[in-house]
Amino acid sequence: MKRESLVSINDFSKEEIMDLLEKARSFEENPNRKVLDGKVIATLFFEPSTRTRLSFETAVNRLGGRIIGFSDAATSSSSKGESLKDTIIMVSNYVDLIIMRHHLEGAARYASEVSSVPIINAGDGANQHPTQTMLDLYSIYKTQGTLENLNITMVGDLKYGRTVHSLLQAMSHFNPTFHFVAPDELKMPQEYKIFCEEHNIPYYEHSDFSEDVINQADILYMTRVQRERFTDLMEYERVKDIYILRNSMLAGSKPNLRVLHPLPRVNEIAYDVDDNPKAYYFQQAKNGLYARQAIICKVLGIDVE
Ligand code: CP
């Protein structure tokens, strides 16, 4: 893999994460800097996206770079049967950086091995979403004033949710306590529980989304049940609305609690939560612009103050 690529959140050390958070803060103060003048960047989205693609493209535009790419693989030659390998080799002939999302786990790592330019993983199946994690960390840091010693409750689709998998690994640097709230069908996979055990991270599993659990949390990380990952749609129907956060459920929560969600939401956060000052998911998505500006500069080796 090219060292500059960002495939997994584990590609970053704790020091690199803290440096990126500082850079994101600097970009939030001034997001319009022409540091990508002359650079061409490709966004290859083999899976749908609103926030990730548009925030990356906004990031590049505000930094003075140019964007090419596709938001629907059906409009690319992959619909004619071209392989991922050939697509990546071709596109890396044209650009300085490839940002890609793909439904297959491991696709970004594979791309990084055949590409002549750095790859940024914008989500690969149920595996990793490291740039989402950087904006999540930035949001947690901004709202809590620290990343250390936090009580983080993850709710919903912990099996297929790549954002919770990346976030869990990133938080391992910061001494967290986790609560996992999920039905049996969508429990946190064994490999991530083993990861917690190997890193001496306490975790507790719950099937009830109770106010007791909510009231202990510093961060309540809600997730969507990911219809597109189910092979059995009857199973999806059984679990899709299992947990719904309503405003009344936050009445006894800690003053510093913030509700995060990578978005899009479907039914798992009722609209009456939106006006609660503890709801942070729209600001969280906005933070993605600054976190992604910092990440682009890092992988391209561009020094910013
Ligand atoms: N959070 C996230 O990845 O959103 P999109 O699917 O809209 O990019």
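**Exercise 1. Pairing of β5 and β8**

Task: Find the residue of β8 that is the bridge partner of Met154, then place this pair in its sheet.

Solution. Step 1: Met154 has Tyr221 as its bridge partner in β8. The model is predicted, so local features need pLDDT of at least 70, side-chain atom pairs count only at pLDDT 80 or more, and totals for chains, interfaces and linings use all residues. Residues are numbered from 1 along each chain as its sequence is written, and side-chain values use heavy atoms, with hydrogens and water left out.

Step 2: Strands β5 (residues 151-155) and β8 (residues 219-222) run parallel and are joined by four bridges. Two strands count as paired if DSSP finds at least two bridges between them. Strands (E, at least two residues) and helices (H or I, at least four) are DSSP runs, numbered from the N terminus.

Step 3: The open sheet has five strands in the order β7-β6-β5-β8-β9, with parallel pairing. β7 (203-206) and β9 (258-260) are the edge strands; each has a single partner strand, so one side of each lacks a neighbour in the sheet. From one strand to the next, the twist averages 20°. Axes here are lines fitted to C-alpha atoms, for helices over the stretch in contact, and angles between N-to-C directions run from 0 to 180 degrees.

**Exercise 2. From β1 to β2**

Task: Trace the chain from β1 to β2 and give the handedness of the crossover.

Solution. Step 1: β1 (residues 40-45) and β2 (residues 66-70) run parallel, joined by five bridges. Ala42 stands opposite Ile68 of β2.

Step 2: Between β1 and β2 the chain passes through helix α2 (residues 51-62), and this β-α-β crossover is right-handed. That is, with the strands pointing away from the viewer, the path from the first strand over the helix to the second runs clockwise.

**Exercise 3. Backbone exceptions**

Task: Locate the cis peptide bond, then describe the positive phi values of Asn149 and Asn200.

Solution. Step 1: Recall that most residues other than glycine have a negative phi, and most peptide bonds are trans.

Step 2: The bond between Leu263 and Pro264 is cis, with omega about 5°. Pro264 lies in the loop between β9 and α10 (281-299).

Step 3: Asn149 has a positive phi, near 60°. Its loop runs between α5 (130-144) and β5. Asn149 counts as exposed, at 52% relative accessibility. Exposed means over 50% relative accessible area, buried under 20%, and partly exposed in between (1.4 Å probe, protein chains only).

Step 4: Asn200 has a positive phi of about 55°. Asn200 sits in the loop between α7 (190-198) and β7. At 66% relative accessibility, Asn200 counts as exposed.
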